[in-house]
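These are my notebook entries from a session spent looking things up in one structure, written for someone who has not seen it before. I begin with the chosen loop residue that caught my eye, and go on from there.

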Amino acid sequence: MSTGSIQNTVSSSEALFQLNRDVAANQLQTYRSNNEPVLMTSLSGMPIGDKVYSLTAGSRGPILLQDACLLDELGQFNEEKIPERCSYAKGTGVFGFFQCTTDIGSTLTRAHFLNTRNKQTPIAIRFSRFSSELGSSDTIRDIRGMAIKFYTDCGNFDLICNHLPVFFIRDPILYPSLVHSQKRNPVTNLFDYDAYWDFLTLRPETTHCLVLLYSHRGIPNGYRYMNGYSVNTYKFLSDDDNISYVRFHIKSNQGISSIDPTKALVLAGLDSDYATRDLYNTICINKELPSWTVCVQQMNEQEMKNSSYDPFDTTKIWPKTYYPLIALGTITLNRLPTNHFAEIEQLAFSPANLVPGIELSQDKMLQARIFAYSDAQRYRLGKNYAQLPVNRPLNPIANNHRNGSMCLNNQNGAPTYFPNSFHGATTSYRFKESIYPIEGGNIARYECSNEQDEFSQAKTFYRQILSPDERIMLARNLSKSLVLTQQFICKRAIENFSNVDQDLANDIEHFLNLQRPTKMEDCSVQTDLERKI
Ligand code: NDP
């Protein structure tokens with residue numbers, strides 16, 4: 001065999017190997033195919049002669065402080081990480097556009113991007129897992145986040161959704177405790193099932209979210225096959241000053257698909273980045289771009305007042321029978337980031353980012369989030385996080401904020417105070433918020449529900465939405481997790497679930513009895529992964 005034919009055999013087997021890999025796995029190969037080698041430089045641009053050996057005094061001598069190349073190498077490496085998000089840490093993101101598909105938007109909101117038919121608005125979207133850490137598995141039972149940044153002509157609108165229509169709690173004062181109870185025990189550094197179920201069962205309003213989370217929708221089959229729900233209630237202000245209240249639903253055009261717990265367990269071991277890989281490869285191959293329909297449910301002021309429960313309560317849905325979905329447009333995802341850290345890890349969302357026509361409502365969770373998110377971004381990214389390219393709005397910024405770490409913009413020398421006489425940024429009454437009359441009352445810490453309220457929607461879900469097989473699956477999934485907590489907490493959980501339906505409580509008890517050891521020698525230690533799924 002000639003040398004030439006050996007080379008041919010090698011290169012064709014290499015080509016075959018690459019063909020068998022997905023596009024994400026071939027990222028480096030794709031780079032090599034599209035780029036020539038470049039000369040390495042220091043941070044200041046000086047070409048570098050050698051980056052394999054440190055500068056030493058003699059071949060066995062100590063390293064010299066003058067080796068700026070080594071100092072940069074180590075110093076830069078030490079500061080590669082920024083604090084991970086306290087919640088929704090593990091995630092991935094891509095870019096795309098929103099296209100308005102209706103004219104009726106203008107009767108609802110004066111926000112141009114939602115009311116101008118065929119208008120396209122660029123978006124960034126970040127998918128994530130609520131209680132995750134960076135590096136944890138994509139297939140664990142958990143709420144998924146779906147945060148969308150709309151780069152509109154009038155500033156950025158950040159819509160931060162979850163894949164379930166309700167959340168565990170409705171009062172933000174409980175949020176840090178909720179998250180702590182789902183994170184590592186500070187002594188053992190392990191996930192703690194006593195803490196998890198203790199907190200959740202002490203707050204019965206979590207029951208609705210729990211029955212959704214432990215149903216088959218609790219482990220979505222990647223990010224393409226799940227819906228997003230704003231959970232929070234926003235206010236829409238129309239062109240003729242009409243106020244209405246809305247909840248957003250982002251409905252997957254791929255349909256809903258979930259992973260069964262056994263497959264999820266295998267995937268958590270084999271491919272903990274399952275959802276991340278799926279999204280990357282789908283968009284890279286560019287055949288069927290993932291898309292969602294953006295809808296709202298709407299309530300007017302009177303309906304708000306007449307509602308039998310608090311419509312701002314984030315543990316409740318608005319029944320579709322009374323508040324049907326109104327489609328406003330479509331989201332299509334078509335572009336991958338080229339720098340995950342710069343464009344996704346530093347992609348900063350805040351519900352405080354609104355546009356004219358979309359306002360905050362009295363929803364307590366939403367109100368707290370406008371502080372919590374912006375504050376977290378300042379901590380993670382610094383005061384000037386909004387100047388990063390991925391966070392910058394399309395329209396020019398004009399205000400009196402200046403300086404601070406990594407500031408890049410002094411707004412062309414405009415005055416730094418307001419009001420001023422030198423053509424500095426000015427305000428317009430056209431963009432004033434709507435006026436909302438408040439009802440008299442006492443300042444106090446109010447509980448906003450009654451016991452009946454906590455379970456009625458979970459009851460509807462259990463009896464009217466789930467099939468008999470899905471009800472059994474829900475009980476089995478709950479029991480697999482509950483078996484790992486102490487009996488007194490478990491008893492409290494069963495009591496809560498009996499308020500949803502006695503059958504659910506009985507089925508959970510039945511599955512718990514099957515799993516509980518009857519003899520000491522039957523006791524086995526379940527892995528942490530099994531507990532979470
Ligand atoms: P509807 O019959 O009008 O809506 C039922 C909705 O349930 C479906 O449209 C679907 O929401 C959703 N659903 C179906 N299976 C699951 C599941 N395993 N996990 C989560 N959601 C599921 O009834 P109502 O609007 O009166 O709601 C009844 C109950 O349905 C609620 O209490 C709530 O638990 C649940 N639900 C309601 C939603 C709503 O916005 N009304 C949304 C999601 C759940 P979708 O069409 O959004 O996929």
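**Entry 1: Tyr88**

I looked up Tyr88 and found it in the loop between helix H3 (68-78) and strand S1 (91-100). Before going further I noted that this is a predicted model. Tyr88 has a positive phi of about 60°, although it is not a glycine. Is Tyr88 buried or exposed? Its relative accessibility is 13%, and because buried means under 20%, Tyr88 counts as buried.

**Entry 2: His423 and Pro419**

I then turned to His423, for which phi is near 60°, again a positive value in a residue other than glycine. His423 is found in the loop between H13 and H14, and with a relative accessible area of 83% it is exposed. So I wrote the two residues side by side: Tyr88 counts as buried, whereas His423 is exposed.

Pro419 is also found in the loop between helix H13 (364-381) and H14. I checked the peptide bond that joins Phe418 and Pro419 and noted that it is cis, with omega at about 0°.

**Entry 3: the chain as a whole**

I stepped back to record the overall figures. The chain has 18 helices and ten strands, and its C-alpha trace spans about 80 × 80 × 50 Å along the principal axes. Of the 533 residues in the chain, 43% are buried. The chain exposes about 29,000 Å², of which carbon and sulfur atoms supply 54%. I also looked at contacts between residues at least 6 apart in sequence, and 73% of them join residues at least 24 apart.

**Entry 4: the surroundings of the ligand**

Which residues are closest to the ligand? I counted 19 residues around the ligand, and the closest are His208, Tyr229, His249, Lys251 and Lys320. By class, this shell has eight nonpolar, eight polar and three charged residues.

I next asked which elements supply the shell, and found that helix H8 (207-213), strand S7 (243-252) and helix H14 (451-465) each give at least two residues. H14 gives the most, with four residues. At the level of domains, the shell draws at least three residues from each of domain 3 (91-394) and domain 4 (456-532).

For the polar atoms I wrote down three distances. A polar side-chain atom of Tyr229 lies 2.5 Å from an oxygen atom of the ligand, and an N or O atom in the side chain of Ser215 is 3.1 Å from a nitrogen atom of the ligand. From Gln457 the partner is a polar backbone atom, which is 3.1 Å from an oxygen atom of the ligand. On its own the ligand has 770 Å² of accessible area, and the protein covers 82% of that.

**Entry 5: Arg110**

Arg110 is found in the loop between helix H4 (105-108) and helix H5 (112-115). I recorded a relative accessible area of 19% for this residue, which means that Arg110 is buried, since the cut-off is under 20%. Not counting residues up to four places away in sequence, Arg110 touches Asn115, Leu237, Ser238, Asp239, Asp241, Pro356, Gly357 and Arg430. With one of these residues I could add an atomic detail, as the backbone oxygen of Ser238 lies 3.2 Å from a polar atom of the side chain of Arg110.

**Entry 6: Ser291**

Ser291 lies in strand S8 (residues 291-300) and, at 13% relative accessibility, counts as buried. Setting aside residues up to four places away in sequence, I listed its contacts as Lys251, Ser252, Asn253, Gln254, Thr330, Ile331 and Thr332. Lys251 had already appeared in my notes among the residues closest to the ligand. The side chain of Ser291 makes a polar contact with the side chain of Asn253, at 2.9 Å. I also looked up Ile104, which is 187 residues from Ser291 along the chain, and the C-alpha atoms of the two are separated by 21 Å.

**Entry 7: Asn185**

My last entry concerns Asn185, found in the loop between helix H6 (175-182) and helix H7 (193-202). Its relative accessible area is 18%, so Asn185 is buried. Which residues does Asn185 contact, leaving aside its neighbours within four places in sequence? They are Leu190 and Asp192, and with Asp192 there is a polar contact between the two side chains, at 2.8 Å.

Technical notes
Residues are numbered from 1 along each chain as its sequence is written. This is a predicted model: local features need pLDDT of at least 70, side-chain atom pairs count only at pLDDT 80 or more; totals for chains, interfaces and linings use all residues. Side-chain values use heavy atoms; hydrogens and water are left out. A residue is near a molecule or strand if one of its heavy atoms lies within 4 Å of it. A polar contact is a pair of N or O atoms within 3.5 Å; within protein, one must be able to donate a hydrogen and the other to accept it, and residues adjacent in sequence count only if both atoms are side-chain atoms. Accessible areas come from the Shrake-Rupley method with a 1.4 Å probe; for residues, only the protein chains shown count as cover. Ala, Val, Leu, Ile, Met, Phe, Trp, Tyr, Cys and Pro count as nonpolar, Asp, Glu, Lys and Arg as charged, and the others, Gly among them, as polar. Domain bounds come from an automatic or database domain assignment. Buried means under 20% relative accessible area, exposed over 50%, partly exposed in between (1.4 Å probe, protein chains only). Contact means heavy atoms within 4.5 Å.
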